[in-house]
Amino acid sequence: MRIIWVTLRTTLTIAVVCCIVYNLAVWAVAQAAAPDKANGSLIKNAEGQVVGSKLIGQSFTEPGYFHGRVSSIDYDANGSGSPNYAPSNPELLKRAEESLSAWKAENPDVPVSEVPIDLITNSGSGLDPQISPQAAEVQVPRVSKVTGISEDELRKMIADHTQGRSLGLFGEPAVNVLELNLDVQAARK
Amino acid sequence: MTTLSIIAILVTLLIVVALAKPVGLYLAAAFDYGSGSRLNRVFGPVERLIYRIGGIREENQSWKTYAASLICSNAVMIFLIYLVLRFQGMLPLNPAGIPNMEPSLAFNTAISFMANTDLQHYSGESGASYLSQASVLVFAMFVSPATGLALVMAFIRGLTGKGAGNFFVDLIRALTRVLLPVAFVSALLFVFMGVPQTFEPAATVTTLEGAQQTIARGPIASFLAIKELGNNGGGFLGVNSAHPFENPSGLSNLLQILLMMLVTTALPFAYGKMAGSIKQGRVLFVSMLVILIVMTGISLTAESAGNPVLNALGVQHAQGSMEGKEVRFGETQSAFYSVITTAAETGAVNTMHDTLTPIGGLVPLANMMLNTVFGGMGVGFVNVLMYAIIAVFLSGLMVGRTPEFLGRKIEGKEMKLIAVTLLIQPFLILVPTAIALATHPETISNPGFHGLTQALYEYTSSAANNGSGFEGLSDANTFWNVSTGIVMFLGRYLSMVTLLAVAGSLAAKKPIPESSGTFRTDTAMFGAVFVGIVLIVGALTFFPAVVLGPIAEQLTL
């Protein structure tokens, strides 16, 4: 019985320290030192409206924008997660083939052999904000044709929004699609 | 797979190795009951205050009382967590208006977090309120690794002939001296890397193409830090560390890997220190590191080869298999993370394990089945020591001598308890898998051999208290909630009791002086026997199931 009594009192004490003190201390320092990041890295357009988060991908389907990765939840950031297909699942092949035929219709100038695999596969979160530099490069001819922005200018924008490996070593280089498209939108006007 | 990405993995492993010994020595000092320690002067005042409020007496417990305190306290806490989850809808701090958890899901979740498993049959965004996440789940994520640390310290004390100590004192020391300070600092580092820490509700924005997007957020950084450090693994958000908010960059990915490995790789050295010879711990550390490196190699090779079915479409596939992976990690950091999270029994994921190539998915499965490649906070190393005792016992049988471990005779009583412990795990994995396949085939989403792997993975993850999932499984229903809940509970607490009994029995024995005939446990020879025993026991137990699942799938691709 004594054990249960001690447990109840100790539980309460630990709860105060670990739940209230710990969470609030992290929260207070975070909000004071890095409020933008602590609130979700939201980004605004030139007019000052919040258009999304730097870290969360959006659905882009118009040919005048760079497209992100396949998302089986259609970039619904209120409930991440994605129905997964195992490598042997026939549905996976079917979905990839659909992505490829859509690609061929939109980008007649770029052969399939140049399309990197990240463009036809579902990301882990369904919210991947980035694509590989190669995946951005192969979309340049299409975006240039639709928007009238020169290919060189688009390549410069891609370079501006390519995040290298952390510390030059960890992770892979990647292009932030939303930031890139904000530049595209601004240059179009 | 580029040269640079291989170097990144080697550098990560080097940091892990460099940290292990100093952290191990710190742990040994932190749990030393001697009064002279400088740590007692630093932490003593705060701890004595907590003892006074909690009514904890700083006295040594018997082995039975120690085990009883552990089980009773954890059971009471599970019940309290269950209550909060059941009534979260009516409690404050719930801006999204999330309803109460239904009973079987609350049962599963309460056990899951207290048993250091963090298998999640709900999605954080829609299934748990800010109060549930920031209070009860964070509470469990601190207390369950602290319980694991207390267990391993008591177990080592037994092997080295000391008394058990006091469970509540160990529990509080684990919190004040290890978990809270490290979690606090790393939570802040995560914020600077872009992880949110806010109590604001989800943000609603209008996207560039004019659609509405609701972006879930919350106090994620504080949750994330203890999730990784405590080998918990439960995600604040549904997709865990694949979510850009829960793992924004290559750097945050590195910090997560280091946190997962921090304590569990240090424990062999803490053990060596407490046993009076660092070499005793080092041989176990090196043996496990060798298995880890082999596992990493297999996984990287499989994932960078990609999926032959998709590669056949003629696309550019230098990136390897990218289904279920994030671009910022690529195939190498994703595969590496899957190896680490199952070696350290954390269960956090930065890639969807269900989508791994068959052999790439076999590696995490094998890590969890062996449950000795470092393993989870505390319990993993206790398991390792159990295998070390088995290795000594079998070697003793081969040369016809009474086996000894750290100068204490291993006899019938200990081996019976260990044999029971060994049998618990396959029983908890294989029997429920068979039942699930026979009675609930409709919950399995992938056809063919992969379906078997899905069910097998779920119970392996539950029994090993890992908590990662092959997420394709429709597991949010009463059958899966209750069955995995029971498996998680037994998988954690049964072996804790039997192994504490082994420790108690060994502690009571008179040490015998080492002679020229003693089988030494600090040599490379012993390391090789240890690795052999681990692999043979693992293979004998699980090979048939593994052949029917991932291996058959690979052959049919």
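## Domains, chain contact and a hairpin

Chain A is divided into domain 1, covering 1–39, and domain 2, covering 41–188, in what is a predicted model. Taken over C-alpha atoms, the centres of domain 1 of chain A and domain 2 of chain A are separated by 39 Å.

The contact between the chains draws 88 residues from chain A and 103 residues from chain B. On the side of chain A that touches chain B, at least two residues each come from α1 (2–33), α2 (35–38), β2 (50–53), α3 (90–106), β3 (130–131) and α7 (177–188) of chain A, and α1(A) gives the most, with 21 residues. The residues of this side of chain A divide by character as tabulated here.

| Class, side of chain A that touches chain B | Count |
|---|---|
| Nonpolar | 46 residues |
| Polar | 34 residues |
| Charged | eight residues |

In chain B, strand β1 (residues 203–206) runs antiparallel to β2(B), and four bridges join the two; Ala203(B) has Ile215(B) as its bridge partner in β2(B). The hairpin of β1(B) and β2(B) has five residues between the strands, and Gly210(B) takes a positive phi near 90 degrees in this hairpin.

How do the side chains alternate along strand β2 (residues 212–215) of chain B? Gln213(B) and Ile215(B) point to one face and are buried, whereas Gln212(B) and Thr214(B) point to the other face and are not buried. In a regular strand, side chains alternate between the two faces of the sheet. Ile215(B) is thus named twice in this account, as the bridge partner of Ala203(B) and as one of the buried residues of β2(B).

Note on methods
Residues are numbered from 1 along each chain as its sequence is written. Chains are lettered from A and ligands numbered from 1 in the order in which they are written. This is a predicted model: local features need pLDDT of at least 70, side-chain atom pairs count only at pLDDT 80 or more; totals for chains, interfaces and linings use all residues. Two residues are in contact if their C-beta atoms, placed from the backbone, lie within 7 Å. Ala, Val, Leu, Ile, Met, Phe, Trp, Tyr, Cys and Pro count as nonpolar, Asp, Glu, Lys and Arg as charged, and the others, Gly among them, as polar. A residue is buried if 20 or more other C-beta atoms lie within 10 Å of its own, exposed if 12 or fewer, and partly exposed in between; C-beta atoms are placed from the backbone. Two strands pair if DSSP finds at least two bridges between them. Domain bounds come from an automatic or database domain assignment.
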